[in-house]
Amino acid sequence: MKEKFKLVATVAAGLEAVVGKEIRNLGINCQIANGKVFFDGSVEVIARTNLWLRAADRVKIVVGEFPARTFEELFQGVFTLDWENYLPLGAKFPISKAKCVKSKLHNEPSVQAISKKAVAKKLQKYFHRPEGVPLQETGAEFKIEVSILKDKATIMIDTTGASLFKRGYRTEKGGAPIKENMAAAIIELSNWFPDKPFIDPTCGSGTFCIEAAMIGMNIAPGFNRDFAFEAWPWVDKELVQRVRDEAENQANYDIELDISGFDIDGRMVEIAKKNAAEAGLSDVIKLKQMRLQDLKTDKINGVIISNPPYGERMLDDKAVDILYNEMGQTFAPLKTWSKFILTSDENFEKKYGSQADKKRKLYNGTLRVDLYQYYGQRVKRNLS
Ligand code: SAH
């Protein structure tokens with residue numbers, strides 16, 4: 001089997017640089033593209049990135065790339081790849097995804113069927129199996145993805161399994177949750193440090209607070225789940241265990257954190273508490289029922305991150321207007337605090353009452369949203 005792989009982390013649009021930084025922080029070189037970050041590495045790198053990347057969606061192996069303008073080119077291109085270095089005899093190898101964009105080949109089910117045939121034929125040849133008899137697929141699963149963009153095919157194997165945003169701690173999520181990896185990315189963009197207070201005044205199921213606590217304690221986001229590649233027979237289980245053990249040793253459970261989440265809805269606060277408990281963070285995160293309009297604090301230099309209701313998702317427009325206006329009034333006295341508000345409302349700044357220092361376009365699922373960023377006034381902290 002292979003020693004070194006070409007790898008790609010898939011990323012929501014707008015967050016490529018965040019994931020690039022995470023990968024470099026793991027000591028791995030990478031190149032950023034649209035919705036993707038490319039890097040190379042061994043099985044250890046596959047393990048480490050799946051376990052540690054907070055803001056990415058998935059990690060995939062790039063098996064190969066080639067021009068595919070016709071079904072014949074697609075078949076030959078897939079057939080030529082070194083499948084024997086990935087798929088053991090007996091492997092399940094569904095073509096789980098085919099995506100064609102701006103290409104002559106656009107019938108995705110046919111692209112899937114042809115790619116499947118080409119992989120099967122290659123394995124039959126390599127393992128000396130008769131061509132007419134279908135391969136038994138009873139072993140470990142390797143999900144193959146075919147993406148054709150502008151007549152160029154990229155063939156990948158997913159190493160992750162359930163998307164990386166599924167950390168495993170969210171038991172219930174309420175009506176409008178934010179994805180865990182998006183929440184982590186926003187915290188990383190916010191310049192929050194573990195010595196600063198952190199508040200999510202519309203915490204819902206608690207995602208931002210839990211992600212902040214995991215960042216603050218340096219807890220690997222994937223510690224509570226497993227990944228598709230771990231079931232592959234040629235993956236060294238001891239190596240993966242070592243990467244997991246190292247992650248466990250790097251966590252700092254003793255650090256003092258000041259992380260609070262509030263929500264007007266008592267049921268959401270209960271859900272947030274359950275989720276925090278599931279992540280092992282009950283003692284770390286303060287959660288209570290409170291209206292954001294009642295938020296007051298004497299602390300300085302904190303970070304507020306809020307993902308309030310958007311008109312189209314939860315509240316009617318009038319109520320949203322009032323909420324945003326009251327939010328502006330409530331946050332205004334907190335001059336040294338930075339505030340980050342994620343909403344799809346294009347008139348947010350007007351309702352809130354001041355213009356953001358910076359706006360960043362993101363996607364919450366398929367919904368286009370903006371992250372309105374208000375930076376706190378700098379105050380020298382008393383370090384004595
Ligand atoms: N980021 C959250 C989802 C937030 S949805 C998650 O990942 O689960 C918006 C939340 O704002 C809802 O839970 C709603 O109950 C809460 N909310 C609405 N009005 C509020 C107010 N005035 N004060 C505090 N919370 C409010």
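Author: A residue is near a molecule if one of its heavy atoms lies within 4 Å of it. In this predicted model, 22 residues surround the ligand by that criterion.

Reader: Which of the surrounding residues are the closest to the ligand?

Author: The closest are S205, T207, D263, L292 and N307.

Reader: What makes the approach of the S205 side chain to the ligand a polar contact?

Author: The cut-off for a pair of N or O atoms is 3.5 Å. An N or O atom in the side chain of S205 is 2.7 Å from an oxygen atom of the ligand, so the pair qualifies as a polar contact. For D263, a polar side-chain atom lies 2.6 Å from a ligand oxygen atom. For N307, the corresponding value to a nitrogen atom of the ligand is 3.0 Å. The protein covers 93% of the 580 Å² of accessible area that the ligand has on its own.

Reader: How many residues of each class make up the shell around the ligand?

Author: The shell has 12 nonpolar, six polar and four charged residues.

Reader: Why is the largest nonpolar core said to lie between the domains?

Author: This core has 121 residues, and L74, W83, L87, F198, L281 and I285 have the most contacts inside it. Domain 1 (5-158) and domain 2 (180-222 + 251-374) both contribute residues, so the core lies between them.

Reader: Which residues does F198 touch, beyond those up to four places away in sequence?

Author: Among them are I187, W192, F208, V303 and I305, as well as D258 and S260.

Reader: How many residues of domain 1 and of domain 2 are in contact with each other?

Author: Contact joins 12 residues of domain 1 to 17 residues of domain 2. The C-alpha centres of the two domains lie 36 Å apart.

Definitions and conventions:
Residues are numbered from 1 along each chain as its sequence is written. This is a predicted model: local features need pLDDT of at least 70, side-chain atom pairs count only at pLDDT 80 or more; totals for chains, interfaces and linings use all residues. Side-chain values use heavy atoms; hydrogens and water are left out. A polar contact is a pair of N or O atoms within 3.5 Å; within protein, one must be able to donate a hydrogen and the other to accept it, and residues adjacent in sequence count only if both atoms are side-chain atoms. Accessible areas come from the Shrake-Rupley method with a 1.4 Å probe; for residues, only the protein chains shown count as cover. Ala, Val, Leu, Ile, Met, Phe, Trp, Tyr, Cys and Pro count as nonpolar, Asp, Glu, Lys and Arg as charged, and the others, Gly among them, as polar. A nonpolar core is a set of buried Ala, Val, Leu, Ile, Met, Phe, Trp, Tyr and Cys residues joined through side-chain atoms within 4.5 Å. Buried means under 20% relative accessible area, exposed over 50%, partly exposed in between (1.4 Å probe, protein chains only). Domain bounds come from an automatic or database domain assignment. Contact means heavy atoms within 4.5 Å.
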